[in-house]
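The following report describes a molecular structure under short headings. It is to be read beside the sequence and the coordinates.

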Protein chains: 2
Amino acid sequence: MSKKFSKTLDPDDWEGFRVQGHRMLDGMLDYLESIRARPVWQPIPGEVRESMREPLPSQGEDLDGVYRRFLESVLPYTAANAHPGFFGWVQGGGTPVGMLAEMLAAGLNANVGGRDQMPVEVERQVVRWMAELFDFPDSAGGLFVTGTSMANFIALLVARTRALGDAVREHGLAASGGAQLVAYTSEAAHGCVAQAMELAGFGRAALRMVALNERFEMDAGALELAIQADLAAGLRPFFVAATAGTVDVGAVDDLIAIGAIARRHGAWFHVDGAYGALARLSAELAPRLAGIEQADSIAFDFHKWGQVPYDAGFVLVRDGAAQQAAFAAPAAYLRRDARGLSAGSPWPCDLGPDLSRGFRALKAWFTIKVYGSERLGEAIAESCAIARYLADQVALRPALELLAPVSLNIVCFRYRGESGAADDQLNAALVADLQESGVAAPSLTTVRGRLAIRAAVVNHRTQRRDIDAMLDALQVMAAARLPAGVPAPSGPAAA
Amino acid sequence: MSKKFSKTLDPDDWEGFRVQGHRMLDGMLDYLESIRARPVWQPIPGEVRESMREPLPSQGEDLDGVYRRFLESVLPYTAANAHPGFFGWVQGGGTPVGMLAEMLAAGLNANVGGRDQMPVEVERQVVRWMAELFDFPDSAGGLFVTGTSMANFIALLVARTRALGDAVREHGLAASGGAQLVAYTSEAAHGCVAQAMELAGFGRAALRMVALNERFEMDAGALELAIQADLAAGLRPFFVAATAGTVDVGAVDDLIAIGAIARRHGAWFHVDGAYGALARLSAELAPRLAGIEQADSIAFDFHKWGQVPYDAGFVLVRDGAAQQAAFAAPAAYLRRDARGLSAGSPWPCDLGPDLSRGFRALKAWFTIKVYGSERLGEAIAESCAIARYLADQVALRPALELLAPVSLNIVCFRYRGESGAADDQLNAALVADLQESGVAAPSLTTVRGRLAIRAAVVNHRTQRRDIDAMLDALQVMAAARLPAGVPAPSGPAAA
């Protein structure tokens, strides 16, 4: 081993290394080209799981040997979101284009925290594109982060600093002078909104979970009442987080109405568009997000509907200066200069908590450049069309019932078995059966107290035949689990 | 474009795509193999910077065309931390092995937030290795994050939850019941420790910046006095962050003494070992970190001395259950089951703020497996030996002076010009000259009020000849800038 990397950690034998690299690239392209032929997911055999356990190796191994371990023990046992039959959660499929861009980024090994370097300019270009997409001003701030959990947290911190001024950075929440700040989101909001309140020191009790209307959207009237009640109690509303694409059923809050209420009360209007925001790339779907262009900040993930490989979260802030005010800090060794590497301030590290930052922007830049916004929007619209197809198929099968309207790309349905708790058990068992079969991987969630089979169509590889395969397998599995006399979820002809 | 990606975002012509992919891999291997022949850094020409600006493209472009734009406009203009002549900041160089591993991760497109999948097991294996390295128990928790800024923040949150209990998650800092929590670090701590206090809602005023001793380490006696004073004032000390490798001069706090003080007062003992912690991989250097094995938590970056590509930060927490208590949260759609994809709880998302998480663990796993801990430790020790070589060369040249002892791998020195502010200007100009020359890229910092040229030797590619090249260029540049009669920083023979 040390023979192969004698002077530095670069290979001594570059030609041999190059052959190995091409073998690994071919292996991954083979994997992606033939992914449809693989099981969606498969349980990890005990011996494979155990094979990962070994003491810290003092000596190195041949790269090809390590790669073969990867091929045998890792590649077959992912959560399979790259597979067209994966419907479990809102996760994108990735693309080979994104994979190659990530390879380039890893080779450059750029730290995009700052300095005068083109990787920072690439990130700024993606920020400008997103400002253009969401009709934000040129002065908007934007930043790549891991995911929307972090993006929501950053937006909350910018809002906190706007509400309390620079004093909050010096004196913490005590800077509020006893006027307790409160925030608002809906009961269907992602858990990371409440988590952001925890992280920032407010605690989740300072977040009002506003009730939903019949479309699973935040009830605007209930929001107004909650704010009025808090004002009457001497509290200070400062942050409203609407959702564009709820995690359970894919509902989009009425962003025009919610935004107007937030503005009327001087509160920051944030949109958690973790997966839904990029629907704006589709001319057909963009009207569903009307009002998002009025937000103070938007959080979303390129790795969901944008199909950029994990992770690639993003936060866009209308007032770039406010974002900088929440994070920029001086440090002797981070001094800025007019010349040399330390020019080009402000830097990305002035806009968020990270100083060490990978070059996430490159895979997003490649994705946008190679596909163009129209093709990306088409893929998003197509996944909604496939979700509607699934909803139609559910409606056609008497043994199945839909548990929520299909707003975008998430379908919550349920097998009608016997009643009560036994039904929940049956549906839970059917989802595990489906996952273990390798045919399809939906997930489970709870919709208004009832356990639901949840299918999120996000992956650009998913087609109608993948929906058919899931429903056909469900029929077989239900028949196997049901006592005779209870109808299996048959197709329309058999119903 | 849409012809090339008609049904999905995968290529219709896989063979043509494959040829393009191999071209891109060869391009990056060419870049890395010949990196020494390139300038370290070069200013970005105005037209290159401007070429990045374009409206959001509605139509896609050929992948090869986008790649050529990358080759022309991005690759030549990085901050150059992959180059052996980069000494600017504590940034690793990356390796081709890490690049290939990152390509595999991007192809799998695994979201390592949770689920029963081998990518989670790979991360758990790296956690076990780190627990072994730092002599932590098997029950330790660990998590990949972007960087040490986030790792320090997570450690602070775990300590906050231990101090205030679950009530802090519900009620925020008000859960302290008026007993103000205070934290401690040294004046030389990285700015992200203060930032973590801001993020968590404490504010930076609740962080005591303990004075340094003559070795630039936290003064243990001053820490004890600060804690005593705060206790006397009715405050509650809860968190002590020592530093293993300060950012300005590379000092290591006395971890045994600091840890003992923290324990005596019931405070959480955290070590910010952003770059220094991995010195434990070197048998020669490990004793310098004595006491780190007693920490409650350690934060560090694999992308610094570990040479893993950006970003790959890490946090290790002795009490894994405490880490989980600070972050785990129930959500209907994240339900855990005994079977299927939702088995295998607890998940990584229960140990930190991110739910969407890239597969950072894979590039660290490949790096550790391929090189082994000994070879990685040797590379770390070698960078310290090269820093000592630079310090020796500085001592031999009368025109140069050392501004701080060389503890690990950072050398702060200065050109002796005239006096006062003019000296600072001269040194600042020399650093910009060096950077713009493409020969070497040190940075500037301030050491006890004096501007210093700071050279951090981190990259495994750096050799003694790179130090010689920097000093030789400095001599020429100083001669060009100095009035006749002032000595240039000549070598020992000429001195």
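## Helix α8 of chain A

Gly201(A), just after α8(A), adopts a positive phi of about 95 degrees. Helices (H or I, at least four residues) and strands (E, at least two) are DSSP runs, numbered from the N terminus. Helix α8 covers residues 191-199 of chain A, and because 8 of its 9 residues are buried, it is largely enclosed by the rest of the structure. A residue is buried if 20 or more other C-beta atoms, placed from the backbone, lie within 10 Å of its own. The buried residues of α8(A) are Cys192(A), Val193(A), Ala194(A), Gln195(A), Ala196(A), Met197(A), Glu198(A) and Leu199(A).

## Model and numbering

This is a predicted model, in which local features need pLDDT of at least 70 and side-chain atom pairs count only at pLDDT 80 or more, while totals for chains, interfaces and linings use all residues. Residues are numbered from 1 along each chain as its sequence is written, and chains are lettered from A and ligands numbered from 1 in the order in which they are written.

## Fold of chain A

Chain A contains 14 helices and 11 strands. Its C-alpha trace spans about 75 × 75 × 45 Å along the principal axes. The radius of gyration of chain A, 25 Å, agrees with the value near 23 Å for a compact globule of 495 residues; it is taken over C-alpha atoms, and the globule rule is 2.2 Å times the number of residues to the power 0.38.

Of the 495 residues in chain A, 60% are buried. Among contacts (C-beta atoms, placed from the backbone, within 7 Å) between residues at least 6 apart in sequence, 73% join residues at least 24 apart in chain A.

## Interface of chains A and B

In chain B, 146 residues are in contact with 146 residues of chain A. Helix α1 (residues 14-33) of chain B gives the most to this side, with 12 residues.

A turn of 180 degrees and a shift of 0.0 Å along the axis lay chain B on chain A with an RMSD of 0.0 Å, which is the relation of a two-fold axis. The superposition is by least squares on the C-alpha atoms of residues with pLDDT of at least 70 in both copies.

## Helix pair across the interface

Helix α4 (residues 96-108) of chain A and α1(B) have axes that come within 10 Å and cross at roughly 5 degrees. This makes α4(A) roughly parallel to α1(B), a term for angles under 35 degrees.

Key:
Two residues are in contact if their C-beta atoms, placed from the backbone, lie within 7 Å. A residue is buried if 20 or more other C-beta atoms lie within 10 Å of its own, exposed if 12 or fewer, and partly exposed in between; C-beta atoms are placed from the backbone. Axes are lines fitted to C-alpha atoms, for helices over the stretch in contact, and angles run from 0 to 180 degrees between N-to-C directions. Angles under 35 degrees count as roughly parallel, over 145 as roughly antiparallel, 65 to 115 as roughly perpendicular and the rest as oblique.
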